[in-house]
Every structure is written in C-alpha cells, then in structure tokens.
Amino acid sequence: RGFDLIVDIFGADHIATIPDVMAGVKALGLDSNKIKVLIYQFVTLTENGEQVKMSKRTGKSYTLDDLIDELGADVVRFFFIMRGVNTHLEFDLSLAREQSDRNPVFYLQYAHARISSIFANAAEKDISTVGNVDFGLLNHKVEWELIRSLQHFPKAVSRAAKQLEPQIIVEYLREVASCFHTFYHECPIVRSEEHLRSARFTLLEITKTVLSNGLKILGVTAPDKM
C-alpha cells in the first residue's frame, strides 16, 4: 500500500518464522528492506508477587481481552510499552489495579488532571491565569528543573521514533511529572504576586501540553478529572 516503512512485531518464540515472512514478501515482488522486524520478549503475569500460572493443556489462560476488560485499555497499553523490546516484562496485575501514585500510568494521568484542576479552581475564583509573562521571574530551582525537562520533549520523541522504542517517551514523561509534582508542592501559584503568577500559570500550561501530547503519542488518554 505504498508504505516507506513497515514495523512487524514478533514474539520471541516466533523468531524462526521471520525468514519465511521475508521470503514471502520477496516472492510477491515487494521490497523486504522496507520491513523492520521487532522481536518482543515474553510477558509474565504476576499478582501479589506470585506468577499467574497459565496452561494450554488445561485451558487456563489470561487473554488480552481479559486484561482490557479488567484494567482498561489505557493501563494495558501503557504497561506493555513501558519496557524495551529486549526486556522481559513482568505485568504486575496488583500494581495495574492500583489507583495511586504507585501505578505508573495513574501517576502521569494524575499530573495532567491536577494541572487542569488548578486552572479550573482559578476560573471559579475569577483569578486571571494570563497576562504579561516574564519568564525571568521563574528563578526557583524546581522551576528551572521543570523547564529543563520540558525542553527535552522533541528530542525524546525523535529518539523514540528513530529507535522504535516508545518506552523512551514513557521514561521522559515520568521525569516531567516528577518535576511538576515537586514544583506544585514548593511553588505557590494562585497566591503568587500577579506577574509571577502569570509566569507560573504559563509554565503549567506548557507542562500540560507536553503531558497531553506525550500521552497521545502513546495512545493513552489525558483526563482533566480523576
């Protein structure tokens, strides 16, 4: 269909079939050089520190549909892409069910929702979130750390695309969320002087945009409320 690049994903137990696929593509008169094969390692389901046993013989299984029905698509997708292709994944069902900062996808979504809540509260109190922005007023250490992390977003996306490793964006967003939470606790926003408040609200808006765009690339929703 005219693609410049086709990413074909195989499980580690199907590595021997890759030459057959390539031979089939060539037999159809197509360019096999346009195909990039990724080999993913095995996934182990764990719960409360114990491996969830599955068996083809007994018919005991845990399908992808089962996971999505129980945990939701956001959690399942995020857990599967937060490890590199060459890393064995232990899918922790107990952690995936948690609605706390320990759950990595909840941690990122909560950062986005918290920023939305800050803007919503400001609107309710008729507090202006816009104005003449002087970023020179942002001289607190944690503000600089957040700004530095936000500047790396284009590079993180580029690296992830070139290396076909979406977990690079996952790790980057974790850093942004961590910097934001520190900023939130250490730098008052609504109670700040007017010009400083405008600068901090602008920084929040940029942070929200980066979190939203990063989660969108990963195929995970960025909720305004949680």
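The following paragraphs describe a predicted model, beginning with its sheet and proceeding to its nonpolar cores, its cysteines and one buried loop residue.

The sheet is open and consists of 3 strands in the order S4-S3-S5, with mixed pairing. Its edges are formed by strand S4 (50-51) and strand S5 (89-92), each of which pairs on one side only. Between strand S3 (residues 43-47) and S4 the pairing is antiparallel and extends over 2 bridges. Within this part of the sheet, Thr46 lies opposite Gln51 of S4. Helix H3 (residues 73-81) packs on the sheet, where it touches S3 and S5. The direction of H3 makes an angle of about 155° with that of S5.

The nonpolar interior may be considered next. The largest nonpolar core comprises 53 residues. Phe78, Phe91, Phe183 and Leu204 have the most contacts inside this core. Among the contributors, H8 gives the most, with 10 residues. Phe78 falls within the range of helix H3 (residues 73-81), and its contacts beyond four places in sequence are with Pro104, Val105, Leu108, Val170, Leu218 and Val220. Of these partners, Val170 belongs to helix H8 (167-186) and Leu218 to helix H9 (194-218). A second core, separate from the largest one, has 5 residues, including Phe10, Ile18, Val25 and Ile35.

The cysteines call for a separate remark. The structure contains 0 disulfides. For Cys179, which takes part in no disulfide, the nearest cysteine sulfur is that of Cys187, at 12 Å. Why does Cys187 form no bond with Cys179? The sulfur of Cys187 has its closest cysteine sulfur in Cys179, yet the two are 12 Å apart and therefore too far for a bond; a disulfide would require the sulfur atoms to lie within 2.5 Å. Both residues are nevertheless enclosed by the protein. Cys179 has a relative accessibility of 14% and so counts as buried, while Cys187 is buried with a relative accessible area of 1%; the threshold for this class is under 20%.

The last site is Ser192, located in the loop between helix H8 (167-186) and helix H9 (194-218). Is this loop residue buried or exposed? Ser192 has a relative accessible area of 8% and is therefore buried. Apart from neighbours within four places in sequence, Ser192 is in contact with Arg197 and Arg200. Both arginines fall within the range of helix H9 (194-218), so that the contacts of Ser192 considered here connect the loop with the helix that follows.

Note on methods:
Residues are numbered from 1 along each chain as its sequence is written. This is a predicted model: local features need pLDDT of at least 70, side-chain atom pairs count only at pLDDT 80 or more; totals for chains, interfaces and linings use all residues. Side-chain values use heavy atoms; hydrogens and water are left out. Two strands pair if DSSP finds at least two bridges between them. Helices (H or I, at least four residues) and strands (E, at least two) are DSSP runs, numbered from the N terminus. Contact means heavy atoms within 4.5 Å. Axes are lines fitted to C-alpha atoms, for helices over the stretch in contact, and angles run from 0 to 180 degrees between N-to-C directions. Buried means under 20% relative accessible area, exposed over 50%, partly exposed in between (1.4 Å probe, protein chains only). A nonpolar core is a set of buried Ala, Val, Leu, Ile, Met, Phe, Trp, Tyr and Cys residues joined through side-chain atoms within 4.5 Å.
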